[in-house]
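Dear colleague,

Please find below the structure that I am handing over to you. My account of what was found in it follows directly after.

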Amino acid sequence: MSTATTQANMSLVSTKKLAVVYGEGEIPLQLAFSKRKTLEISVHPDKSVFVKAPEGTELEAIEAKVKKRARWIKHQIRYFEQFDIRTPSRKYVSGESHLYLGKKYRLKVGIGTDNIVTLKAGFFLVTSTDIQPNHVRSLLSDWYREKADLHLNKVFSECWAKFRKRDAEKPNLKIMQLKKRWGSLSKNRTLTINRDLIKAPKECIEYVIIHELCHLEHYHHGPEFYQLLERFLPDWEKRKYKLEIALI
Ligand SMILES: [Zn+2]
């Protein structure tokens, strides 16, 4: 079950911060105990790591599990880093790759008289009189924002067209930078999606939107929720996996 794309059933009473030493570094994480049978590790889009453990689990046992999954955790963190336009590893110079709708484009920065951002033959071409990394970043960021508003609205309309025959009222769409989730649905029928989804493949954008639309009928992730999701997207698990892992 995705914690990134969901409204969450977390019922976290209190969380505790700790760090697990791994290799040369350490993994900071937040730990919460609850009445559950299994331990769950999740990495959120802001790269924070959460561990939910059954009440009474020994810290050593938790550390051992985290160490066992450390490679996967690092993998997830790297995956989310490429979505983050502010990530310090990005330098905004030629040769770097940036994502758009699930494809990687190589950045090519050049001096020009106008500010232009275009995609051409596998390249992100950015020209400007000012090609300082900060300026290139803001040009790219404006470009992504514009494309996100256009495409995410379009995909939302397509998804809604499939869903509208059901007895549900159309939610309002809100596109914004979210730290912890790909999407959420509030009780006042606002469907919020993460602007960074514009970097993911269309099938993954559809997955997030359909997932949230299914919450119009079933607020929690119970069996009926999954039945409905499965009816609309029989391959939802594949899409979810692709969103979380396959773009590395
Ligand atoms: Zn959900």
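**Findings**

Helix H4 lies across strands E10 and E11 and runs at about 15 degrees to E10. Before I describe the surroundings of this helix, please note that the model is a predicted one. The mean pLDDT of the protein is 86, and 91% of its residues reach 70 or more. Residues 1-13 call for caution: pLDDT stays under 50 over this stretch, for which the model has 24 contacts beyond four places in sequence.

**The sheet of E9, E10 and E11**

The sheet on which H4 lies is open and consists of 3 strands in the order E9-E11-E10, with mixed pairing. Its edge strands are E9 (172-176) and E10 (183-185), each of which pairs on one side only. On average, and with direction ignored, neighbouring strands of this sheet are turned by 15 degrees against each other. E9 and E11 (residues 190-194) run parallel and are joined by 5 bridges. Within this pairing, Ile175 has Ile193 of E11 as its bridge partner. Helix H3 also packs on the sheet, where it touches E9 and E11, and the direction of H3 makes about 145 degrees with that of E9.

**The packing of H3 and H4**

How do these two helices, H3 and H4, pack? H3 (residues 133-163) and H4 (residues 202-214) pack at an angle of about 55 degrees, and their axes are 10 Å apart. An angle of about 55 degrees is neither under 35 degrees nor within 65 to 115 degrees, and H3 and H4 are therefore oblique to each other. Their crossing is right-handed. On the side of H3 the contact is made by Leu152, Val155, Phe156, Cys159 and Phe163, and on the side of H4 by Lys202, Ile205, Glu206, Ile209, Ile210 and Leu213. Of the residues in this contact, 9 are nonpolar, none is polar and 2 are charged.

**The sheet of E1 to E4**

Another open sheet is formed by 4 strands in the order E1-E2-E4-E3, and its pairing is mixed. E1 (15-22) and E3 (40-43) are the edge strands, each pairing on one side only. The twist from one strand to the next averages 30 degrees. E1 pairs with E2 (residues 25-34) in the antiparallel sense over 8 bridges, and Lys16 has Leu31 of E2 as its bridge partner. As a general point, strands of a sheet pair through backbone hydrogen bonds, either parallel or antiparallel.

Two helices lie across this sheet. Helix H1 (residues 59-68) lies across E1, E2, E3 and E4 (49-54), running at about 55 degrees to E1. Helix H2 (residues 70-81) likewise lies across E1, E2, E3 and E4, and runs at about 25 degrees to E3.

**The hairpin of E7 and E8**

Strands E7 (residues 116-120) and E8 (residues 123-128) pair in the antiparallel sense over 5 bridges. In this pairing Val117 stands opposite Val126 of E8. Which residue in the turn between E7 and E8 has a positive phi? The two strands form a hairpin with 2 residues between them, and Ala121 in the turn has a positive phi of about 45 degrees.

With kind regards

Methods
Residues numbered from 1 in each chain as written. Predicted model: local features only at pLDDT ≥ 70, side-chain atom pairs only at ≥ 80, totals over all residues. pLDDT = per-residue confidence, 0-100. Contact = placed C-beta atoms within 7 Å. Pairing = 2+ DSSP bridges. Axes fitted to C-alpha atoms, helices over the stretch in contact; angles between N-to-C directions. Parallel < 35°, antiparallel > 145°, perpendicular 65-115°, else oblique. Left-handed = near helix turned anticlockwise from the far one by under 90°. Nonpolar A, V, L, I, M, F, W, Y, C, P; charged D, E, K, R; others polar.
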